[in-house]
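Biologist: Please take a close look at one residue for me, and say how its surroundings are built. After that, go through the rest of the model, including the place where the chains meet.

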Amino acid sequence: MRKPVIKVSALILLLTILMMLTGTAAFAQTDQHIYDQAGLLTDSEISDLEAYAAEKSREQGTEFLLLTTDSTSGMPIIDYMGDFYDNLADQTGMENAVLLTIDIGGREFYLAGFGNAKTRLDNERVEMVLDRITPYMAQGQYAGAFRETIETADRYMEYKPGVNPESIFLQTWFHAAVALILAGGIVGTMLYNSGGRNTTTAATYIDRDHTRVTRDSDRFRNKTVTRRRIPKNNNSGGGFGGGGGMTGGGRSFSGGGRSF
Amino acid sequence: MVTHYKCPNCGSDMAFDATSGMLSCPNCGRQDDIETFPEENIQQKFAPEEAKEYHCENCGAVLLTEAETTATHCSFCGAPVVLADRLTGDLAPAKVIPFTISKDEAVAAFRKWTKNGRLTPRGFMNGDRIKKMTGMYVPFWLYDINGKAEVAAIGTRMRTYQQGDTVITETDFYDVYREIDLSYLKVPADASEKMDDELMDKLEPYDYSDLKDFRMPYLAGFLAEKYDFDEDALFSRVESKIVPYIDSYIGSTISGYSTISYTNKQINANKYKVYYTLFPVWMVYYDFENKEHTFAMNGQTGKVVGKPPISGGKVAAWFTGIAVSTFAALKAISYLVGGVLW
């Protein structure tokens, strides 16, 4: 009886070691997540966020990156971001990444998802993340914006592709509310009916032979027409580059940007 | 006036048997049809006009009755008696629905009902503590009602469509007018002050195909009461009962509109026929945890009404059970759809 137990535990140990090895191997592609070329963050913010980004990157299998710059040297922010990523990916061989680019010169920011993050953080989800970080950007809290990006993207990427992660039907409070209301309704009805129900209806005592409409009229009187214009979807703060695209190096991505 | 129904065979006091619908003799088992029961076996004795005291013709004991009682048992010898002068003249019932559920069947039906109580305490569900079962004919007024309703309303039909980036809503307004003849037959209202109106309403409906012309022998062996409220006093109660029926009928005649708002609604209902009728009710007195609970059973259909004791534990268990399983089911669905549990 002892032998199989030892065998199994040895196997588990071996598997654990193997997973740890491959895990570190797969995710140790980069140890730098923050490229603060514009110097927007303090040293302590950088070290904090590096640690946080590293942890979440390992969990998700996707690198969370931040790029800041004073100037895109005349290029659109999307192209600047694309070139930067092509360069980085060629060097480190990274496949999957979520990249937040802040151009403090042009006062624009752009969020992109590469590799598996392209589907796991699709365009709709990018827009939802942008909605959440825009207030941070407006207030100049760039560290907060990046932290929020990691936190929200990390959460959204758990959901199956194509699903709206903020949908009310997926919220725990909604499930709890429905469960409580349903239970209350059913038990309440049971209590109400425990003393016997009234089973007579409008049809019980009616005399169908002598109950009838003797005169009726439905006369058209007047007509009103109301028109309402459908408001156009305009992103506050000016959105651009929604829908993602392709980098110069041929890497396609999901993404969206705002100015602030 | 005290009435006994004497068995033509052996002279015992006969009582109405709910199972067979006949007068039956508890002693020799003889059964007689109520319609053809020989006159000479109906023993009646007129009480003196002044004295409101009745004596049992069997044993001579004074019958202890309340003023409303019209049928009872002699408390001394147990013989079924019918107090006939309380059932004649103005007090003569026009119709009766005889008991079709006998006492044994009533006990069985009540036990079955207690077993179905999903929120009642376990001890109550045994149904074995019936203190007393009383078969009682409860006085009802049945109203045949006819009337007219005149209704004016404004109905709208709405149509919404999109043209370019504009949503256009077209609303057509209509003047709606209806004149309706109304007729409702044999709407009951209980005329006994003792009986809880709500309880009696819940006992409905009775099957009117068993409605018989009243004959006194139906009451032999049961309790019966005479009415406390006359037909005029109760009409307002019947009116309030049928107004919702009328409203729903009016609503059913106006269809095809998105919204309807009534500008004028006049309902005029009159009684044109009234039947003083006795309905069969089994009263069940049940002891549970030192408290007496009263239930009523429709003596024709077996429907039971009355507030049973409620077990807090069972209510909590049902609530928790439903809430937890619903929550789990929703979580499972959202996991399948969204891929995330929390």
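Modeller: B:Arg122 is exposed, because the count of other C-beta atoms within 10 Å is 10, and a residue with 12 or fewer is classed as exposed. This is a predicted model, so the count describes predicted coordinates. B:Arg122 belongs to helix H2 of chain B, which covers residues 122-125. B:Ser311 is 189 residues away from B:Arg122 along the chain, yet the C-alpha atoms of the two are separated by 8.3 Å.

How far the chain itself can be trusted is the next point. Chain B has a mean pLDDT of 88, with 96% of its residues at 70 or more. Among the elements of chain B, the lowest mean pLDDT, 71, belongs to strand S5 (residues 42-45) of chain B, and the highest, 94, to S12(B). Where pLDDT is low, the predicted coordinates should not be read in detail. For the model, ipTM is 0.75 and pTM is 0.73.

S12(B) also matters for the contact between the chains, where 56 residues of chain B are in contact with 51 residues of chain A. On the chain B side, two or more residues each come from strand S12 (166-190), helix H3 (197-203), helix H4 (231-253), strand S17 (304-305) and helix H5 (312-338). S12(B) supplies the largest share of that side, 22 residues. Sorted by class, the side of chain B that touches chain A holds 29 nonpolar, 13 polar and 14 charged residues.

S12(B) is also paired across the chains: strand S5 (residues 212-229) of chain A is joined to S12(B) by 16 bridges, and the two run antiparallel. One pair of bridge partners is A:Arg215 and B:Glu179, the latter in S12(B).

Within chain A, a helix pair can be described in similar detail. Helix H2 (residues 43-60) and helix H6 (residues 142-156) of chain A pack at an angle of about 10 degrees, and their axes are 11 Å apart. H2(A) is therefore roughly parallel to H6(A), since angles under 35 degrees count as such. From H2(A), the residues that meet H6(A) are A:Glu45, A:Leu49, A:Tyr52, A:Ala53, A:Lys56 and A:Gln60. Their counterparts in H6(A) are A:Ala143, A:Phe146, A:Arg147, A:Ile150 and A:Asp154. The residues of this helix contact comprise six nonpolar, one polar and four charged.

Terms used:
Residues are numbered from 1 along each chain as its sequence is written. Chains are lettered from A and ligands numbered from 1 in the order in which they are written. This is a predicted model: local features need pLDDT of at least 70, side-chain atom pairs count only at pLDDT 80 or more; totals for chains, interfaces and linings use all residues. Two residues are in contact if their C-beta atoms, placed from the backbone, lie within 7 Å. Helices (H or I, at least four residues) and strands (E, at least two) are DSSP runs, numbered from the N terminus. Ala, Val, Leu, Ile, Met, Phe, Trp, Tyr, Cys and Pro count as nonpolar, Asp, Glu, Lys and Arg as charged, and the others, Gly among them, as polar. Two strands pair if DSSP finds at least two bridges between them. A residue is buried if 20 or more other C-beta atoms lie within 10 Å of its own, exposed if 12 or fewer, and partly exposed in between; C-beta atoms are placed from the backbone. pLDDT is the predictor's confidence in each residue, from 0 to 100. Axes are lines fitted to C-alpha atoms, for helices over the stretch in contact, and angles run from 0 to 180 degrees between N-to-C directions. Angles under 35 degrees count as roughly parallel, over 145 as roughly antiparallel, 65 to 115 as roughly perpendicular and the rest as oblique.
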